[in-house]
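Q: I would like a close look at one part of this structure, namely its pockets and cavities. Please take me through them in order, and then describe the packing of any helices that belong to the picture.

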Amino acid sequence: MSEKIYSKVYELPTGHASKDVTKGCIVLEGGALRGVYVSGVLDALMEKGINFETTIGVSAGALNGFNYVAGQIGRSARASLKYRHDKRYMGIKAFKQNHGVFGFDFLIKDYNEIEPIDFDSFNDPARRFVAVASNLHTGKPAYFERGKCKNIMAAIRASASMPYVTRPVVMSGVPYLDGGCTNKIPYRWALDQGYDKVVIVRSRPETYRKKESSKRSMKMAERFYRDYPEFAQALGQSNDNYNRQCEEILDLKGQGKVFVISPSVPITVSHVERDMEKLGKLYNLGYDDTIRNLWTLHDYLES
């Protein structure tokens, strides 16, 4: 078995989720290739018939959410665990074609020829899908909802376009980048929309915190995005905002207002991890963590 694919990739679950719709909103954190943890969580949920009426995702979370709403079990995981070392996905060819680390042309177009997306399910009006991107003009998050924005695929691409290494995605004359620059975990959107049941899927353990924003990070953002001062300020302060979100999520969880699924062990997988076995283990961790928390999740949803 080639080391360039996960050794058990052909054992990943397959099939299609049921048409049953679960009340509530699921919030998906990003994290580039750490998103395979979220893929494992979503596959377990789909197998158990838990298909939330609303899905909101940031960056890799938006890509995962795309497959989740389409109801295709294992599709998101197979893309990463089988094609991580494909140059169309990540490498020189991807960079030349997409001006960034990840090959969105491959993920959104070429991969669709390998494993076609179920657009009928994805576009089902019974379910909402929202991708979060960052508006470079305002420095604020933008929420693009399928059916309400002109091009949801462009919005997903913008949501997952990492700063510094990716060219902004322009929609209606406005440049956008990774939603995580301004809102890494958009649980507040779900609460503001009035959802009583909000499930947050993290790609880091609940105890994880980022380093505090530094003067160096602020200056780098200001220099690189000098034409977008509001965005530069938000980007430079994104670590501090993330840490505040983590603390608020713990508080909301303690009050029973949200349910959190997060890695049960420390994560050593990098944004662009090359070790396919580590990625495969991370996927399995997401799947197993979800199965282990299934009864408490049911209690939360039914309370």
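A: Let me begin with the residue classes: Ala, Val, Leu, Ile, Met, Phe, Trp, Tyr, Cys and Pro count as nonpolar, Asp, Glu, Lys and Arg as charged, and the others, Gly among them, as polar. The model is a predicted one, in which local features need pLDDT of at least 70 and side-chain atom pairs need pLDDT 80 or more, while totals for chains, interfaces and linings use all residues. Residues are numbered from 1 along each chain as its sequence is written, and side-chain values use heavy atoms, with hydrogens and water left out.

By class, the second largest pocket is lined by five nonpolar, four polar and four charged residues. Here a pocket is an open set of points on a 1 Å grid over the protein atoms alone, with protein on both sides within 12 Å along at least five of seven lines; a cavity is a set where a 1.4 Å probe fits but cannot get out, and lining residues have an atom within 4 Å of a point. This second largest pocket holds about 180 Å³ (the space filled by probe spheres set on the points, which are joined across faces, edges and corners). It has 13 lining residues, and Glu206, Lys253, Val260, Ser262 and Asn293 are the ones nearest its centre. Strand E8 (258-261) and helix H12 (276-292) each provide at least two residues of that lining (helices are DSSP runs of H or I with at least four residues, strands are E runs with at least two, both numbered from the N terminus). E8 contributes the most, with four residues.

Now for the largest pocket, which has a volume of about 760 Å³. There are 32 residues in its lining, and nearest its centre lie Lys184, Lys210, Ser238, Asn239 and His271. Helix H9 (215-224), helix H10 (229-236) and helix H11 (238-254) each supply at least two of the lining residues. Sorted by class, the lining has twelve nonpolar, twelve polar and eight charged residues.

Next come the enclosed spaces. Over the whole structure, the search finds three cavities of 30 Å³ or more. The largest cavity occupies about 320 Å³. It is lined by 23 residues, with Ala60, Leu63, Ser80, Tyr89 and Leu107 closest to its centre. H1, helix H2 (60-70), H3 and H5 each give at least two residues to this lining, and H2 has the largest share with five residues. The lining of the largest cavity splits into 15 nonpolar, seven polar and one charged.

The second largest cavity has about 90 Å³ of space. Among the residues that line it are His16, Lys19, Asp20, Asn51, Val69, Asp124 and Arg127. Its lining comprises three nonpolar, five polar and four charged residues.

Finally, here is the helix packing. Packed helices are described by the angle between their axes and the distance between the axes. The axes of helix H1 (residues 35-47) and helix H3 (residues 75-83) come within 8 Å and cross at roughly 150° (axes are lines fitted to C-alpha atoms over the stretch in contact, with angles from 0 to 180 degrees between N-to-C directions). H1 and H3 are therefore roughly antiparallel, the word for angles over 145 degrees. Where H1 meets H3, Val36, Ser39 and Asp43 of H1 face Ser76, Ala77, Ser80 and Leu81 of H3, contact meaning heavy atoms within 4.5 Å. The contact of H1 with H3 has three nonpolar, three polar and one charged residue.

H3 also packs with helix H5 (residues 104-114): their axes come within 12 Å and cross at roughly 100°. H3 and H5 are therefore roughly perpendicular, the word for angles of 65 to 115 degrees. From H3, this contact takes Arg75, Arg78, Ala79 and Tyr83, and from H5 it takes Phe106, Leu107, Tyr111, Asn112 and Ile114. Six of these residues are nonpolar, one is polar and two are charged.

H2 pairs with helix H7 (residues 152-159), their axes coming within 7 Å and crossing at roughly 145°. Ala62, Leu63 and Phe66 of H2 are in contact with Met153, Ile156 and Ser159 of H7. That contact is made up of five nonpolar residues, one polar and no charged. Leu63 thus appears twice in this tour: in the contact of H2 with H7 and among the residues closest to the centre of the largest cavity.

Methods. Angles under 35 degrees count as roughly parallel, over 145 as roughly antiparallel, 65 to 115 as roughly perpendicular and the rest as oblique.
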